[in-house]
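Reader: I should like to learn how to read a protein model step by step. May we work through one together?

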Amino acid sequence: YLDKPVDNKAKGWYPYDAEAAKIVEKAYEDWKQNPWSDVRSVKSGAWTYSVDFNKNTQTNIEHANHTTRQIRRLNSSSSL
């Protein structure tokens, strides 16, 4: 969840890019089977994030601020 405007984006939920979304979905399915593997590294766009499924967060591990934001998972019938 983008809780303050960044890079001309308004507050709100934003999807990962298509390739990262596939990686996150696969990691999520793995996590459901093996919950001890809760943190994964995912590159989306220009940044790499540490995605924590137990906390439902992503942390930008490349940016100096290491910004952490909430994430959510939608089923295929949900909208942003």
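Reader: How many helices and strands does the protein chain have, and in what order do the elements run?
Author: This is a predicted model. Its protein chain contains 1 helix and 4 strands. Read from the N terminus on, the order of the elements is α-β-β-β-β.

Reader: Why does the radius of gyration of the protein chain agree with a compact globule?
Author: The C-alpha atoms fill a box of roughly 40 × 30 × 20 Å along the principal axes. For 80 residues, a compact globule would have a radius of gyration near 12 Å. The chain agrees with this because its own value is 13 Å.

Reader: Which element supplies the largest share of the largest nonpolar core?
Author: In soluble globular proteins, nonpolar side chains tend to be buried together. Here the largest nonpolar core has 11 residues, among them Tyr16, Trp31, Val42 and Ile71. Helix 1 (18-33) and strand 2 (47-52) each supply at least two residues of this core. The largest share, 5 residues, comes from helix 1.

Reader: Which residues is Tyr28 in contact with, leaving aside its neighbours within four places in sequence?
Author: Tyr28 belongs to the largest nonpolar core, and so does Phe53. Once neighbours within four places in sequence are set aside, the contacts of Tyr28 are Phe53 and Arg73.

Reader: How far apart do the centres of the positive and negative side chains lie?
Author: The protein chain carries 12 positive side chains and 10 negative ones. Taking the centre of each set, the distance between the two is 4 Å.

Reader: What percentage of the residues in the protein chain is buried?
Author: A residue counts as buried when its relative accessible area is under 20%. Of the 80 residues in the protein chain, the buried ones make up 30%.

Note on methods
Residues numbered from 1 in each chain as written. Predicted model: local features only at pLDDT ≥ 70, side-chain atom pairs only at ≥ 80, totals over all residues. Heavy atoms only, no water. Rg over C-alpha atoms; globule rule 2.2 N^0.38 Å. Buried < 20%, exposed > 50% of the residue type's maximum accessible area, 1.4 Å probe, protein only. Lys, Arg positive; Asp, Glu negative; His and termini not counted. Charge placed at Lys NZ, Arg CZ, Asp CG, Glu CD. Core = buried A, V, L, I, M, F, W, Y, C linked by side-chain atoms within 4.5 Å. Contact = heavy atoms within 4.5 Å.
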